[in-house]
Amino acid sequence: MEMKLINQLAIVTGGSRGLGAAISKALGREGAFVAVNYFTNSKPAVETAEAIIRMGGQAAAIQADVTEEREARRLVKEAEEASGLKAGILVNNATGPQPELSIEEVTWEDYEDQLRFFVKAPLHMLQACLPSMKERKHGSIINIGSEVVHLGNSHFSNYTAAKSAMIGMTRSWASELGPTGIRVNLVHPGFIPVERHQEVPEEAIRQYRSGVPLGRMGVPEDAAKTVVYLASEDASFITGQSLSVNGGNTYGM
Ligand SMILES: NC(=O)c1ccc[n+]([C@@H]2O[C@H](COP(=O)([O-])OP(=O)(O)OC[C@H]3O[C@@H](n4cnc5c(N)ncnc54)[C@H](OP(=O)(O)O)[C@@H]3O)[C@@H](O)[C@H]2O)c1
């Protein structure tokens, strides 16, 4: 079967583990050169890049703190140097810790921590990729949001506020960049257990699953397949949209 992303450079922030690793592998399987970004743990990043190479694809693990503008620019530069390609696909996926805090406990700094990952880092990454994408008159940005924007989870206003900001940001970027051939979309995953959820009690998972119309937990590949679709020409007339990947658990933008 023909691969959909040949000769494309895809940069996946936080691409080393969790959803990011599945996204990186899925993009690599479709022929993209994948820059697998990580922050502190090189091992899973190298393993993800090696898995892509074993499948016959191309990838490089690149360390960078994407919440810092200079680091975001370095990441894009190193990805372009490693691949010999210009940035074409950007997946803003990285996340730091996501503390659950009551309104009494939460501080403005807790809000800022989440905004750094979900607004500041995506902005710096977009700005770093933009010259290449504008030159090629082609690009696909996929921001990773969360179903919390529709659920409005209690004790999670810091995370929910930052993820909600991604909706307006995505639409505004899509309006501004549409005429240049660059598309911007947002994916809202549901609760998809990954390595960092090992401590979540089985009862909490069972309870969540019981409310999901499709009756199962999501797996990282569910989000990854959606990202590949939005990155590819199959979605060439889709921009400014939010797509929930959560078995029907929520509905809305
Ligand atoms: N899993 C879910 O249930 C779920 C549900 C809804 C939305 N989401 C969203 O999906 C995305 C991925 O979530 P996940 O659960 O897969 O996360 P995860 O497993 O915790 O992975 C986080 C990734 O981000 C990287 N990272 C952390 N700080 C960074 C920084 N400053 N610069 C660059 N990379 C950094 C980590 O690298 P190191 O290991 O090197 O630190 C790691 O690769 C997030 O945006 C999250 O909000 C997840």
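## Sheet and packed helices

The seven strands of an open sheet are arranged in the order S3-S2-S1-S4-S5-S6-S7, and their pairing is parallel. Strand S3 (58-63) and strand S7 (242-245) are the edge strands, each of them pairing on one side only. On average, neighbouring strands of this sheet are turned by 20 degrees against each other, direction ignored. The model described here is predicted.

At the S3 edge, six bridges join S3 to strand S2 (residues 33-38) in the parallel sense. Within this part of the sheet, Asn37 has Ile62 of S3 as its bridge partner.

Two helices that lie across strands of the model are listed below.

| Helix | Strands crossed | Angle to one strand |
|---|---|---|
| H4 (residues 108-136) | S1 (9-12), S4 (87-92), S5 (139-144), S6 (182-189) | about 165 degrees to S4 |
| H6 (residues 157-177) | S5, S6, S7 | about 160 degrees to S6 |

Strands S5 and S6 are in the list for H4, and S5 and S6 also appear in the list for H6. Strand S7, which H6 lies across, is one of the edge strands.

The geometry of H4 can be described further. Helix H4 has 29 residues and, at 1.5 Å a residue, should therefore span 42 Å; the C-alpha atoms at its ends are 40 Å apart, in agreement with that expectation. A bend of about 45 degrees occurs in H4 at Arg116. The residue that follows H4 is Lys137, and its phi is positive, near 50 degrees.

Technical notes: Residues numbered from 1 in each chain as written. Predicted model: local features only at pLDDT ≥ 70, side-chain atom pairs only at ≥ 80, totals over all residues. Heavy atoms only, no water. Pairing = 2+ DSSP bridges. Helix = DSSP H or I, 4+ residues; strand = E, 2+ residues; numbered from the N terminus. Axes fitted to C-alpha atoms, helices over the stretch in contact; angles between N-to-C directions. Contact = heavy atoms within 4.5 Å. Expected span 1.5 Å × (residues − 1). Bend = angle between axes of the 7 residues up to and from the residue.
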